[in-house]
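Hi there,

Here is the structure I promised to pass on to you. Have a look at it first, and then read on for my notes.

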Amino acid sequence: MERHALSERAPELVEYALGELEPAEAERLARHLETCAACREALRRIEEALGWLGTVVPQHDPPPALRARVLAAAGGSDRSRWRLAWARGLLAAAFGLLLVALLFAVARADRRAEELAGRAMTAAEVLATADWSTEMRGEQPSLPSVVGQVYLEREGQRAVVALEGLPAPARGTVYQLWLIRGDGQREDGGVFVPDARGRALLVVEAAAAWTSYRGMGITREPAPGGSLQSTGTRVAGCSWDWEAWRSS
Amino acid sequence: MDDDTLAASDGELIARLRSRDRAALAALYDRYARSVYSLALSIVRDRAVAEDITQELFLQLWQYPELYDAERGRFAPWFLRAARNRAIDALRRRQRDRRLGERLHGASVDERDDPDDAAVAGEEAARVRRTLADLDGEQRQVIELAYFGGLTQREIAEHLGIPLGTVKTRVRTALRRLADALAREREPWSDTR
C-alpha cells in the first residue's frame with residue numbers, strides 16, 4: 001500500500017528518532033506522520049528497537065536507598081503540590097518561587113539541606129538581579145497573543161519564565177523550552193507540563209551569558225524526556241536584539 | 001507487595017498510577033529501576049547523575065502517568081528510550097566544551113557483559129542482544145556511538161573519517177536489523193536501499 005513512501009522516508013525516520021533532523025525538517029515529517037499510518041508504524045518500530053537497545057548494557061543495581069527516596073518523594077508529591085505556583089509581577093513571582101522551593105523541600109526532604117537552600121536562593125537571586133524582561137508570545141492561533149513573561153539578567157545565565165494560558169499538551173507529549181543562541185543554534189532549556197490552569201513557572205540555566213542568546217522558543221515534544229533537538233511544532237517564543245536595545 | 005501487584009502487567013500498573021497507587025509505582029520501580037539506572041550509568045559514567053536520572057524518571061512517571069500512550073508501543077522500550085535521551089542530554093550538557101575524542105570514551109558496550117544477566121527478562125531483550133552481537137563491526141560501531149555516545153551521524157562521520165552517507169546507511173541497516181529481529185513474526189521493515 002504505502003510501502004513506497006516508507007522506503008523513501010526510512011532515512012528521515014531514523015534521523016527523526018535520533019533527534020538529528022533540523023527543526024523545519026522535523027516539523028515537516030511530524031505533519032506527514034499525522035496522515036501516514038505506514039510511516040507511523042515504521043517510526044514506532046524504530047523507536048521500539050532503540051528502546052530495547054538500552055537493555056544490552058552491563059547491569060548494575062542502583063543503591064537500595066534510591067528506592068526509598070523515590071517512594072518517599074512520590075508519597076509527598078501529590079499532584080497539586082507539585083504544580084508550580086503562579087504569580088503576577090516580580091515580587092509575587094519571587095514569593096511563588098519560594099513557595100515552590102518549599103514544596104520541593106517537603107517532597108524531597110531526604111535531599112541535602114544545602115542543595116535545597118541553594119535552589120531557593122537561585123530562584124530568589126534571579127528575580128532580585130533581573131534587569132531585563134520580555135513577553136513570551138503565543139504563536140498558534142489557539143493561544144493568547146501573550147502566554148507569559150521572561151525575567152533575566154543580561155550578563156547572567158539564569159532566567160525565570162512564567163507562563164499561563166497553555167493548553168495541556170497532547171497525550172504522549174510535553175512542552176520543551178529552547179534557548180536560541182545568536183547563531184541560531186538551539187539549546188535544551190528543559191521540559192514541563194503546565195498545571196490544570198495552563199500555568200508554569202520555570203527557572204532556566206543557560207550555558208552562557210544571555211547576551212549570547214537572541215531568544216527562546218517552546219515546542220511540543222515526545223514525553224517524558226523531550227527531544228535532544230527541537231522536533232515538534234513551535235507554539236510560543238520570544239526574541240530580543242541587544243544591539244537595538246543598547247542604541248535606543 | 002501482594003501477588004496481584006507482582007503479577008500485574010505494565011499497562012495495569014500504569015493505570016493504577018493514575019489512581020495514585022504507590023504500590024504500583026513500587027512494582028514498576030522493582031521491574032525497571034535496574035535497567036534504567038544501568039543504561040544511564042553506561043552513558044553518563046557517573047553514579048550520582050545516573051541516580052538523579054532514575055529518580056527523576058520515576059517521579060515524572062508518577063506525576064504524569066498519562067504521558068505513556070499504550071497505542072504507541074510497549075512500556076519498557078518507551079521508558080528506556082526516555083532514560084537514554086535524558087542521559088544523553090546530561091552527557092551533552094556536561095561535555096559541551098570537551099573535545100570530541102574525550103566524548104567517545106565509554107561509547108561502546110562492555111564486551112564483558114554477561115548475556116545471561118539480562119536487564120529486562122524477556123524475548124525482546126534477548127533478540128536485541130543476539131542481533132547486536134551478529135552485526136558486523138562497522139554497523140555495531142556506528143550504532144553504539146550514536147546510541148550510547150550521543151554523537152550525531154555527522155560527528156561519527158568526522159570521527160571515523162568516512163562519508164556521512166556511509167554512516168547513515170550503517171545506522172539504518174543496524175536499526176532495521178534490530179527492528180526486524182523484534183518483529184520476526186511480523187512483516188519486515190521495508191527498505192529498498
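Let me start with one side chain in chain B. If you leave aside the neighbours within four places in sequence, B:Phe79 is in contact with B:Tyr32, B:Val36, B:Leu57, B:Phe58 and B:Leu61. Please keep in mind throughout that this is a predicted model.

B:Phe79 also belongs to the largest nonpolar core, which has 86 residues. Together with B:Phe75 and B:Leu175, B:Phe79 is among the residues with the most contacts inside that core. Which element gives the most to this core? That is helix H3 of chain B, residues 22-44, with 15 residues. Another core lies apart from this one; it has 28 residues, including A:Trp132, A:Val147, A:Val150 and A:Phe192.

As for the fold of chain B, there are ten helices and zero strands, so to speak a plain run of α elements when read along the sequence. Of the 193 residues in chain B, 55% are buried. Taking the contacts in chain B between residues at least 6 apart in sequence, 61% join residues at least 24 apart.

Now to the interface. On the chain A side, 60 residues are in contact with 83 residues of chain B. The two chains bury about 6900 Å² between them, and 59% of that is on carbon and sulfur atoms. Within chain A, the residues that lose the most area to chain B are A:Arg45, A:Trp52 and A:Gln59, which together account for 12% of what that side buries.

How many salt bridges does the rule find across the interface of chain A and chain B? There are six. One you may like to display pairs B:Glu51 with A:Arg69, where the closest N and O atoms are 3.0 Å apart. Polar contacts between the two chains come to 16 residue pairs, counting those with both residues at pLDDT 80 or more.

On the side of chain A that touches chain B, the elements giving two or more residues are helices H1 (3-17), H3 (37-53), H4 (64-75) and H5 (79-82), along with strands S4 (173-181) and S5 (186-192). Helix H3 of chain A gives the most, with eleven residues. By residue type, this side of chain A divides into 30 nonpolar, twelve polar and 18 charged residues.

Happy browsing, and do write back with any questions.

Best wishes

Definitions and conventions: Residues numbered from 1 in each chain as written. Chains lettered and ligands numbered in written order. Predicted model: local features only at pLDDT ≥ 70, side-chain atom pairs only at ≥ 80, totals over all residues. Heavy atoms only, no water. Contact = heavy atoms within 4.5 Å. Buried area = accessible area lost by both parts, 1.4 Å probe. Salt bridge = Lys/Arg side-chain N within 4 Å of Asp/Glu carboxyl O. Polar contact = N/O pair within 3.5 Å; in protein donor to acceptor, adjacent residues only side chain to side chain. Helix = DSSP H or I, 4+ residues; strand = E, 2+ residues; numbered from the N terminus. Nonpolar A, V, L, I, M, F, W, Y, C, P; charged D, E, K, R; others polar. Core = buried A, V, L, I, M, F, W, Y, C linked by side-chain atoms within 4.5 Å. Buried < 20%, exposed > 50% of the residue type's maximum accessible area, 1.4 Å probe, protein only.
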